[in-house]
Amino acid sequence: MMSDVQVKEQVREFYDRVGWRTIGEGLYQNARYEDLRPVAREYLSRAHRRVARYLPMEGKYLLDAGSGPIQYPEYLEYSAGYRYRVCLDLSRLALREARERLAGRGLYVVGDVARLPFGEGSFAGLVSLHTIHHLPPAEHEFAFRGLYRTLQPGGRAVVVYSWGARSGLMRLAAPIVRLSAALRRAVRKLGRGEAQVGAEPSSANGNGVDRTSDQVDHAESERLLGQPGTYTFRHDYRWFRQRLEDLPGFEIRVWRSVSVEFLRAMVHPKLLGRKLLQGLSWLEERLPHWLGRHGQYPMILFSKPAASPLAGEGSGR
Ligand SMILES: C[S@@+](CC[C@H](N)C(=O)[O-])C[C@H]1O[C@@H](n2cnc3c(N)ncnc32)[C@H](O)[C@@H]1O
């Protein structure tokens with residue numbers, strides 16, 4: 001069994017050597033774990049934008065814990081009203097790439113999200129997206145409490161997590177997802193190929209995403225999805241309720257209710273895929289807590305109460 005230090009070393013090495021390796025212009029190997037087909041773009045974009053809703057619009061510092069290279073254009077919106085986005089990551093390569101995107105608006109720290117090197121009350125807002133699950137299980141609670149500590153009074157935090165194989169909704173959908181994926185593979189074998197089954201013409205929108213989606217080899221992505229990339233561990237909904245519910249403002253809402261496997265297997269441009277995803281986004285807006293609990297990816301929200309105007313004045317009694 002690996003020690004906690006070895007786990008982190010393995011994760012760092014994975015991102016430095018594989019995950020953040022560039023395989024096209026503005027495109028990382030890591031993009032193969034996402035569904036970047038045009039048919040899913042609007043759905044993904046809505047999920048990315050959901051994060052910004054729960055952050056203070058402005059402030060001096062926004063912490064991005066496990067920032068990676070800031071790989072999607074929507075990510076830049078989170079810190080648009082901040083003087084600095086503080087990017088913390090184990091991967092130096094990620095931080096070098098992030099610097100390209102943030103220019104003078106970024107500060108970069110090589111560090112561990114479970115051992116934050118920042119003082120109490122440093123940040124008006126913070127995000128940590130798809131990162132805490134790379135920590136050994138015993139460090140998850142500690143990491144959340146460390147993030148809370150660095151929030152300033154009135155500050156708010158959004159952590160995007162995944163229930164992994166514990167998502168009730170995705171477990172329910174698994175047989176049909178498997179069947180659909182098998183059918184797609186069979187169709188490909190018959191020589192019709194991914195191009196006819198899943199692709200659609202892309203229309204450039206200037207943010208680089210179209211270019212990205214065109215460069216991803218979707219068959220290769222499906223193969224990679226079946227392989228573990230690096231160490232991950234996910235606690236379940238009950239664990240969060242038991243261990244972190246005392247954090248002020250604690251709430252679990254949906255970020256995105258379906259997995260990449262589901263998207264690839266069930267969503268096709270020629271089979272009303274875009275409409276299906278519009279319906280799903282609509283549902284996510286209406287059932288944020290239920291889908292946060294049972295869907296694939298929850299957002300864990302918490303906030304630090306604003307300082308009382310009377311604090312420090314003394315009651316005089
Ligand atoms: C799945 S990527 C997500 C990156 C980015 N947040 C995003 O959503 O695109 C996870 C990132 O977390 C970083 N990471 C993993 N474990 C970490 C730790 N203990 N401390 C800091 N960063 C970590 C990795 O190097 C990687 O850049």
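A crossing of two helices is called right-handed if the near helix is turned clockwise from the far one by less than a right angle. In this predicted model, helix H2 (residues 38-53) passes helix H12 (residues 273-286) in just such a right-handed crossing. The two axes come within 8 Å and cross at roughly 20°. Since angles under 35 degrees count as roughly parallel, that makes H2 roughly parallel to H12. On the H2 side, the contact is built from Pro-38, Val-39, Ala-40, Glu-42, Tyr-43, Arg-46, Arg-50 and Arg-53. Facing them on H12 are Gly-273, Arg-274, Leu-277, Gln-278, Leu-280, Ser-281, Glu-284 and Glu-285. Sorted by class, this contact has 7 charged, 6 nonpolar and 3 polar residues.

Just ahead of H12 comes a backbone oddity. Leu-272 lies in the loop between helix H11 (260-266) and H12, and its phi is positive, about 60°, although it is not a glycine. Most residues other than glycine have a negative phi. Leu-272 counts as exposed because its relative accessibility is 63%, and the cut-off for exposed is over 50%.

The loop between strand S6 (123-129) and helix H5 (140-150) holds two histidines worth a look, one of them being His-134 and the other His-130. His-130 is another residue other than glycine with a positive phi, here near 55°. With 25% relative accessibility, His-130 counts as partly exposed. His-134, in contrast, counts as buried, at 10% relative accessibility; the cut-off for buried is under 20%. The His-134 side chain reaches the backbone oxygen of Tyr-231 at 2.8 Å. Leaving aside residues up to four places away in sequence, His-134 touches Thr-230, Tyr-231 and Thr-232, along with Val-7, Val-11 and Tyr-15.

Helix H4 (residues 92-102) has its own set of buried residues: Leu-93, Ala-94, Leu-95, Ala-98 and Leu-102. Their cover includes two helices, H1 (4-19) and H3 (75-78), plus two strands, S4 (82-89) and S5 (106-110). Both ends of H4 have something to show. At the start, a side-chain oxygen of Ser-91 reaches to within 3.4 Å of the backbone nitrogen of Leu-93, one of the buried residues just listed. At the other end, H4 is followed by Ala-103, which has a positive phi, near 50°.

Notes
Residues numbered from 1 in each chain as written. Predicted model: local features only at pLDDT ≥ 70, side-chain atom pairs only at ≥ 80, totals over all residues. Heavy atoms only, no water. Axes fitted to C-alpha atoms, helices over the stretch in contact; angles between N-to-C directions. Helix = DSSP H or I, 4+ residues; strand = E, 2+ residues; numbered from the N terminus. Parallel < 35°, antiparallel > 145°, perpendicular 65-115°, else oblique. Contact = heavy atoms within 4.5 Å. Nonpolar A, V, L, I, M, F, W, Y, C, P; charged D, E, K, R; others polar. Buried < 20%, exposed > 50% of the residue type's maximum accessible area, 1.4 Å probe, protein only. Polar contact = N/O pair within 3.5 Å; in protein donor to acceptor, adjacent residues only side chain to side chain.
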